[in-house]
Every structure is written in C-alpha cells, then in structure tokens.
Amino acid sequence: MPRVGDLPEGARLIAVLGGLPEEAGIPVLGAESQLLPFQSVGDNVLLGSESSSGFFLRRGPLDRRAAELLAQVGLAVPPSTPALDLDAVDRRIVELARALARKPETVLVDDRQSRFTAGESDRWSNALARTADHARVLVAVDGLADLRQVSRPFDLVAIAHGGDLVTWTAPEDAQELIGLLVGENPSAPRPVRLLGPVVLELENVAVSHPVRQDRLVVENVTLSVRGGEIVGLGGAQDLVLGIFGASTGGTVSGTVRLDGQSVDLSTVDRAIAARVLFISEHPPTYDVGLIGGIPTSVSGTSLARLARLGIIDKRREYLPRRAPSMLLDAIPGAPSRPSTADMNQVLAGWAAQPPRVALLTEPFSGLSPAEVEERRELIGNLAGAGVAVILEASDAMQLVGLSDRILLQAGTRLSTELVGDDATAQGLAAHRLRTDLQR
C-alpha cells in the first residue's frame, strides 16, 4: 500500500474519501475538540510543543509565538482569550494552529462528523486552506462538496480503505474515482415495490445537541415516507433518534404527523405507543469520564441528564460515537447492543405484526456478507408488509440497492435526495465527487 509520505510533493490540500489514513507520527484532528477548556487559546496552541521551564518568565515570547501560529490559520483572537469563549469552529481552528506548532510535514483532519452551518463551514474551509500553505493537509470527508473551495481548490483526491491509502488521482478524473469508490461488485438494482399512502410526515423538524442545546445538529427537515417505502438517510442519526422519542437527549421542534394527524413522539414511551419503533446494530453513545477518569459511554438522554446535574462539563464538545463500549452496562439507562440474531428476530416479529414506522440505524454495520443479505431480506419484508421504513447509516453506500430514495445530510441539513438511477452505487459515487453542491 502507498503511504502518506508517497503523495506528490506539490499536493498541499487533499480530500480523502473512504476514511482517514492511519500513520504514526502525523498530527490528527479528530471530530471531537481536544482543547483544554480552562486554559487560554495561547496555552492550547503551544501545548506539547514548548517546554514548561520558566513558563511565566517567557510569557511574552510564548504569546508572540502563539499569535504567529494563529495568524497562519487565520484566527484573529488574542492568545490570552479563554478557550471557553470560542465557538465550535474556532476551537477546531485553534487545534490546526496547535498542529502547526509541531512543524509537521502533514496534518490529517477527520471532517466526516462536522455539523457546521454554511457560514461556519466557510470559516473552517478558509482555515484549512491557510494551513495548507504551511503543511500538507489531508481531509477525510463524505463528499468533495464538504471541502468548500473558498480560497484554493484541493489538489488531489485520495481513496482510503481500512486505514490504508489505496490510491489518489486528480479531481478531474471522475470516472476513475467512481470506479474506485464503487468497487468491482456494485449493488444490484433495488426491487420494485408497490407504495401506499403517506404514513410519516416531518415538517421543519430541528434537533439540538443534548448538552449544548443552543446548537442545532439538525435543522429545517421536511420529509414524507409512504407505506411500503424504504428511505435511506446518510449520516443523519440525530434526526432518526430525534423522531424516536427525542432520544438524542436534545430538544426536538417541528411537526410530526402519522397518517395525516399530528402526533406527540416526545418520549420513547409515546413513540412506542404510536408504533414508531427503533433498533440499531450499534446504538450511538457519548464518551464521558466518570469512573476514575476512564472514558465511559452513555446514551444521549443520559448525557443530557448528567449535564443538568452538573456532573459533566457542559462546555466540552461531545460528539456521538457509533462503536459499542465495553462499559455500557456500568451506567444505568445506557443502551446496549442487541446480538445480530436478536435483531433479526425483532425484525421478523415486526414484519409479522407491522408497526407504522420502523427506524433502523447502522443496520449492516459489522455483518458478514451472508448476514447482510439476510438482514436486507428482513428489511424488505418489513416494507412488503406496508411499513414506512427509514434506514440510516454513516456510510450511505450500505443503503444502495434497498432504498427507494437516499437523502444525505451535509452540515445540519438534509441537503440532497437521490432517486432512480442516482440512488445507485454509481450515482452515489458521482454525487460524492461533485463540488458544486450547496449546504
């Protein structure tokens, strides 16, 4: 496999599709902020790159160095600014400055979970472009439109699988990139189903973060799903959990209708009573430090409860994780992962006694090819029973061949709907290579 160091010397800003390369010794900016909230911006910028010896005597030179690094990424704030005073975008930009303090040749940025508004995305993309003047920047994105071309275009598009770089090529080589993204065995065309009347309607639905409830993670969603229809959602788990009893832990606003009538789905019990049911191969959780500082995973509703009780730091940037935790059972109320066999049994039961709406997230995550086929058949049986089905996955390619429509979330909005020939592996790959999409 090629390595990051093998990339062409002149390539400075590189979009990565398929994941983030794993290579030792290269600074990595994850989706969750790693700033020390009670330190200044300058202290955070220089953390790990300056000796603490004689710190107070060298305050002036340290602040000047921090100011130089902040200028390199285009953040005009004094180094003495408390990190807590920054918004989510500026916190990530400070982390870019911290990465540059180590004078690296390459910086890796995981941008796949960013939930920035259009204005925030512009500020962030400008910072990435400025960083590329000082180091090579690889940015893992779900689609090329996520890397907004504000002040410079990206030089290459790289493909990664399983933490390894597979290859790279110029952004103009669309057909080659589509072939790499689709692979040798694109999904078979979806079966044609007879659709019934509209069952579920969402109008201007918005969902807030479970802790920072002034910040929306989903906004202005209007969507309808018919009986017997399978609608795929790419990267929209907060919306699905918001529908299911506001189980993100955040506030949910907007109108939800079932069979044309407004319905209250504000709690899990009310959602279940209305026959709106949810199951997941990997329930999303949030990591908090509760037991001797050990990262412990809790559900969104538990996270919101801990924040109200003052047990966790409300100013930290908590992001959901889809991977299961070994410590889930340690916290009352934390979701647990059903076994694959148990989940299949539940889905078979739903087909026998159909709910009105079936919500599934990560339905194929971690399954073998044979298990995927079995799961797809069970979901198809649900739709055949007249159920309105919503599938959600972080990798929208998993939804191809089963969904009647695929909607993709970019930032805080469902920005794209793929139907017909566009809702295929080739159509989705072509969409991920587009750069002219609005967020």
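## Exercises around a few strands and side chains

Strand E4 is covered on both faces: Arg136, Leu138 and Ala140 on one side, and Val137 and Val139 on the other, are all buried. Here, buried means under 20% relative accessible area, exposed means over 50%, and partly exposed lies in between (1.4 Å probe, protein chains only). Helices (H or I, at least four residues) and strands (E, at least two) are DSSP runs, numbered from the N terminus.

Before you start: this is a predicted model, in which local features need pLDDT of at least 70 and side-chain atom pairs count only at pLDDT 80 or more, while totals for chains, interfaces and linings use all residues. Residues are numbered from 1 along each chain as its sequence is written, and side-chain values use heavy atoms, with hydrogens and water left out.

**Exercise 1. Which strands pair with E4, and in which sense do they run?**

*Step 1.* Apply the pairing rule: two strands pair if DSSP finds at least two bridges between them.

*Step 2.* Take strand E1 (residues 13–17): 4 bridges join E1 to E4, and the two run parallel. Val16 has Ala140 as its bridge partner in E4.

*Step 3.* Take strand E3 (residues 106–110): 5 bridges join E3 to E4, again in parallel. Asp110 has Ala140 as its bridge partner in E4.

*Step 4.* Add the burial: 5 of the 5 residues of E4 (residues 136–140) are buried.

**Exercise 2. In what order do the 6 strands of the open sheet follow one another, and why is one side of E12 and of E18 left without a neighbour?**

*Step 1.* Read off the order, E12-E15-E16-E9-E17-E18, with mixed pairing.

*Step 2.* Look at the edges: strand E12 (276–280) and strand E18 (413–419) have a single partner strand each, so one side of each has no neighbour in the sheet.

*Step 3.* Add the twist, which averages 20° from one strand to the next. Axes are lines fitted to C-alpha atoms, for helices over the stretch in contact, and angles run from 0 to 180 degrees between N-to-C directions.

*Step 4.* Place the helix: H10 (residues 369–384) lies across strands E9 (230–234), E15 (357–361) and E16 (388–393), and runs at about 150° to E16. Contact means heavy atoms within 4.5 Å.

**Exercise 3. What joins the side chains of Glu417 and Arg405?**

*Step 1.* Locate both residues: Arg405 is in strand E17 (residues 405–410), and Glu417 is in strand E18. E17 and E18 pair in the antiparallel sense over 6 bridges.

*Step 2.* Find the partner across the pair: Leu407 stands opposite Glu417. Their C-alpha atoms are separated by 4.4 Å, although the residues are 10 apart along the chain.

*Step 3.* Check accessibility: Arg405 counts as buried because its value is 15%, while Glu417, at 42%, counts as partly exposed.

*Step 4.* Find the link: a polar contact of 2.7 Å joins the two side chains. Such a contact is a pair of N or O atoms within 3.5 Å; within protein, one must be able to donate a hydrogen and the other to accept it, and residues adjacent in sequence count only if both atoms are side-chain atoms.

*Step 5.* Follow Arg405 further: its side chain also reaches the backbone oxygen of Ser224 at 2.7 Å. Beyond four places in sequence, Arg405 touches residues including Leu223, Val225 and Glu229.

**Exercise 4. Is Ser208 buried or exposed, and which backbone nitrogen lies 2.9 Å from its side chain?**

*Step 1.* Find Ser208 in strand E7 (residues 198–208).

*Step 2.* Classify Ser208: its relative accessibility is 1%, so Ser208 counts as buried.

*Step 3.* Identify the nitrogen, which belongs to Thr251 and lies 2.9 Å from a polar atom of the Ser208 side chain.

*Step 4.* List contacts beyond four places in sequence; among them are Gln213, Arg215 and Thr248.

**Exercise 5. Where does Leu86 lie, and which residues does Leu86 touch beyond four places in sequence?**

*Step 1.* Leu86 sits in the loop between helix H2 (59–72) and helix H3 (88–101).

*Step 2.* With 7% relative accessibility, Leu86 counts as buried.

*Step 3.* Its contacts beyond four places are Val41, Val77, Thr81, Arg91 and Val94.

*Step 4.* For a longer separation, take Pro37: 49 residues from Leu86 in sequence, yet 9.6 Å away in space, C-alpha to C-alpha.
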